[in-house]
Amino acid sequence: MTSTPRPDPAVPLPAVDGPQIVVGAAIIRHGRVLAAQRATPPAAAGRWEFPGGKVDPGETEPDALVRECVEELGVRIVVGDRLGADVTMVNGAVLRLYLAELLAGEPRALEHLEVRWLAADELDSVPWLPADAPLAAALAPHLTG
Ligand SMILES: Nc1nc2c([nH]c(=O)n2[C@H]2C[C@H](O)[C@@H](COP(=O)(O)OP(=O)(O)OP(=O)(O)O)O2)c(=O)[nH]1
């Protein structure tokens with residue numbers, strides 16, 4: 001019988017390269033989702049997105065969302081389930097959306113031009129970044145009451 005050698009825990013595993021993951025938070029309150037209007041870069045300025053950003057090396061996706069929502073909105077959130085499919089963006093990065101709820105604070109546009117609460121029938125009222133449009137559409141059933 002052959003046995004598979006166990007990796008030596010003292011030897012670091014090689015880094016597994018994958019696409020850069022960008023996480024977005026669909027923060028829902030009273031049947032509305034929080035959308036944020038990008039200020040930068042010029043090509044994306046004025047378009048709308050979900051608060052969030054790049055996941056840092058060694059950081060979990062929910063931790064990245066909590067960190068970004070403090071930085072961008074000045075709020076604490078609780079991260080829930082994933083929503084929708086991964087969206088691969090033109091630069092090869094992958095956008096991944098999570099449902100979230102506010103734990104503390106009132107969102108302010110600390111890094112965005114504006115933030116806005118959108119009801120289900122208002123999801124089409126803002127020009128989303130291209131990758132966000134299918135995710136915004138997937139949100140509609142979650143925006144009730
Ligand atoms: N945060 C966020 N970024 C999005 C969304 N949709 C979308 O295409 N993007 C793109 C815009 C940016 O190219 C990239 C995320 O960059 P970012 O600037 O928000 O992330 P970050 O704060 O971690 O970036 P950095 O300034 O530290 O480099 O993903 C979205 O819904 N939320």
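I will go through the confidence of this predicted model, then its nonpolar core, and then the residues around the ligand.

On confidence, the chain has a mean pLDDT of 93, with 90% of its residues at 70 or more, and for the complex the predictor reports an ipTM of 0.95 together with a pTM of 0.89.

Turning to the core, the largest nonpolar one holds 30 residues, and those with the most contacts inside it are Ala25, Ala26, Ile27, Leu65, Ile77, Tyr98 and Ala100. At least two residues of this core come from each of β1 (21-29), β2 (32-37), α1 (61-73), β5 (76-88), β6 (94-104) and α2 (133-139), and among the contributors it is β1 that gives the most, with six residues. As general background, nonpolar side chains in soluble globular proteins tend to be buried together.

Which residues does Ala26 touch, if we leave aside those up to four places away in sequence? The list is Val33, Phe50, Leu83, Leu97, Tyr98, Leu99, Ala100 and Leu139, and two of these, Tyr98 and Ala100, appear with Ala26 itself among the residues that have the most contacts inside the core.

Now to the ligand, which has 14 residues around it, and of these Gly24, Glu49, Phe50, Gly53 and Lys54 come nearest. Which strand gives the most to this shell? That is β4, with three residues, while β1 and β4, the latter spanning 52-54, each supply at least two. By character, the shell divides into eight nonpolar, three polar and three charged residues.

To bring the two parts together, Phe50 is one of the residues that come nearest to the ligand, and Phe50 is also touched by Ala26.

Note on methods:
Residues numbered from 1 in each chain as written. Predicted model: local features only at pLDDT ≥ 70, side-chain atom pairs only at ≥ 80, totals over all residues. Core = buried A, V, L, I, M, F, W, Y, C linked by C-beta atoms within 7 Å. Buried ≥ 20, exposed ≤ 12 C-beta atoms within 10 Å, placed from the backbone. Helix = DSSP H or I, 4+ residues; strand = E, 2+ residues; numbered from the N terminus. Contact = placed C-beta atoms within 7 Å. Near = placed C-beta within 6 Å. Nonpolar A, V, L, I, M, F, W, Y, C, P; charged D, E, K, R; others polar. pLDDT = per-residue confidence, 0-100.
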